[in-house]
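Let's take a walk through this protein together. We'll begin with a note on naming, then move on to the domains and a few local details.

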Amino acid sequence: MRSQDYDRLFLSPPHLGRHELNYLHKAIEDNWVAPAGPNLDGFERDICEFTGAQHCVALTSGTAAIHLGLRLLGVGPGDEVLCPSFTFVATANPILYLGATPVFIDSEAETWNICPQRLREALEELRRQNRRPKALILVHLYGMPARLREVLAIAAEFEVPVLEDAAEALGSRYEGQPLGTFGQVGVFSFNGNKILTTSGGGALVTNTSDWARKTRFWATQAKDVAPYYQHSELGYNYRLSNLLAGIGRGQMELLEDRVKKRREIFAWYQKHLANIPGLRFGPTEPAGGRSNRWLTTLLLDPEETSVTPEQLRLHLETHNIESRPLWKPLHQQPLFAATPVFGGSISADLFARGLCLPSGTAMIDADLQRVSSAIRALFEAS
Ligand SMILES: *Cc1c(COP(=O)(O)O)cnc(C)c1O
């Protein structure tokens, strides 16, 4: 998709390359239209090669991958799972699928990800009550690496296994190592708006071969080894189709280019909107972190400007430009009204002050210019 002057500018539309169709074509020619086949094997191999993970299982969604990942970590009814409040609801929903309870942790103001200090407080408080959370979900929101060194040290100290929700962070790195490979289990999403897409899809990575085997087993209805259909465990229909995996193969070839372009988009906005009082870009990379800058996000400071994020959003809408508020914290969601939260003011403040700008990799300079001119016009009129 390439936007012409009067087209709508979307937040993060799919951006296909030249090879997806070849993989699809071959799958159809060879009659591999099933949740198995060479594209599926190849897609998983591509993800392993890029991330350095030893095993990958391609699934129907990132949410499915989180669901199975938590089950691998032994999460079940009555368990507690630590989870950042500032994230998309898909991070936490699988906790509920398993009959467990989330415990939300606030963000820190730099990376916008889980705050190590609040995390420690939560773990100490739970320990005083003799409660050991079954898992920690670590999210790298908007592709920004969390403070990994600190968070992993705390998780190790309290012996809590880590599931990395890298749904938005494929291609981001920390100390050179791809995100998604720091926890016991890592999760990626290939939904339509992510940095790469299969229209819908996800993947689970792990270095534990038994876990990869178990994930494949659960994802294909948990069929026992028998000539008839026999089931000893609860399973799901979560395996990605060989067709969609073909799109994924074509997309994986483009990953480094896409990361480069997203980072350029962030830098472009930052440079061209640098001197507007009360407007700044974030989050900030932690030491050793390199974000894929999935979405360019900004914050408005009410002490320096009267323009609110909602005003800016509606203004951009009149120019046929899509923008969107930051994720509404989970501790502010009606669904989680009764869920405990440690802290909460940082993520609430980010939600109140932030906005996501169009960041699709097919954008050309004229598109970026169009967004920045529209933003400038509003601030100059205010
Ligand atoms: C997109 C997303 C998911 C879920 O991925 P799906 O493939 O859409 O199910 C999970 N967590 C975060 C942070 C996401 O952005």
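A word on labels before anything else: helices and strands here are DSSP runs numbered from the N terminus, with at least four residues for a helix and at least two for a strand. Keep in mind, too, that you're looking at a predicted model.

With those labels in hand, go to the loop between β10 (279–282) and β11, which is where Pro283 sits. The peptide bond leading into Pro283 from Gly282 is cis, with omega near 0°. Most peptide bonds are trans, and most residues other than glycine have a negative phi. That second habit has its exceptions here as well. Asn130, in the loop between α5 (116–128) and β4 (135–139), has a positive phi, near 60°. Gln221 is another non-glycine with a positive phi, about 70°, and its loop runs between α7 (209–219) and α8 (242–252). How open are these two to the outside? Asn130 is exposed, with a relative accessible area of 75%, while Gln221, at 37%, counts as partly exposed.

Now step back to the overall layout. The protein splits into domain 1, made of 3–12 plus 256–381, and domain 2, covering 19–254. Measured out over C-alpha atoms, their centres are 26 Å apart. The contact draws 41 residues from domain 1 and 46 residues from domain 2.

How much area is buried between domain 1 and domain 2? It comes to about 3,800 Å², with carbon and sulfur atoms giving 66%. On the domain 1 side, look for Trp294, Trp327 and Phe342: this trio supplies 23% of what domain 1 buries against domain 2, more than any other three residues.

There's a polar side to the interface too. The rule finds 25 residue pairs in polar contact across it. The salt bridge count between the two domains is one. For a salt bridge to look at, find Arg173 and Glu256, whose closest N and O atoms are 3.4 Å apart.

Which elements of domain 1 touch domain 2 with at least two residues each? They are α9 (255–272), β11 (289–290), β12 (296–300), β13 (341–342) and α11 (345–353). The largest share, five residues, comes from α9. Sorted by class, this side of domain 1 has 19 nonpolar, 14 polar and eight charged residues.

Helix α9 deserves a second look, and Phe266 is a good place to land in it. Is Phe266 buried or exposed? At 6% relative accessibility, Phe266 counts as buried, because the cut-off for that is under 20%. Setting aside neighbours within four places in sequence, Phe266 is in contact with Phe281, Gly282, Arg293 and Thr296. Gly282 is a residue we've met already, at the start of the cis bond to Pro283. Arg293 lies 27 residues from Phe266 in sequence, yet their C-alpha atoms are 6.7 Å apart in space.

Finish with α11, another of the elements on the side that touches domain 2. Its buried residues are Ser347, Ala348, Leu350 and Arg353. An α-helix has 3.6 residues a turn, so residues three or four places apart point the same way. The buried residues of α11 pack against β10, β12, α10 (309–318) and β14 (354–357).

Terms used. Residues numbered from 1 in each chain as written. Predicted model: local features only at pLDDT ≥ 70, side-chain atom pairs only at ≥ 80, totals over all residues. Heavy atoms only, no water. Domains from an automatic or database assignment. Contact = heavy atoms within 4.5 Å. Buried area = accessible area lost by both parts, 1.4 Å probe. Salt bridge = Lys/Arg side-chain N within 4 Å of Asp/Glu carboxyl O. Polar contact = N/O pair within 3.5 Å; in protein donor to acceptor, adjacent residues only side chain to side chain. Nonpolar A, V, L, I, M, F, W, Y, C, P; charged D, E, K, R; others polar. Buried < 20%, exposed > 50% of the residue type's maximum accessible area, 1.4 Å probe, protein only.
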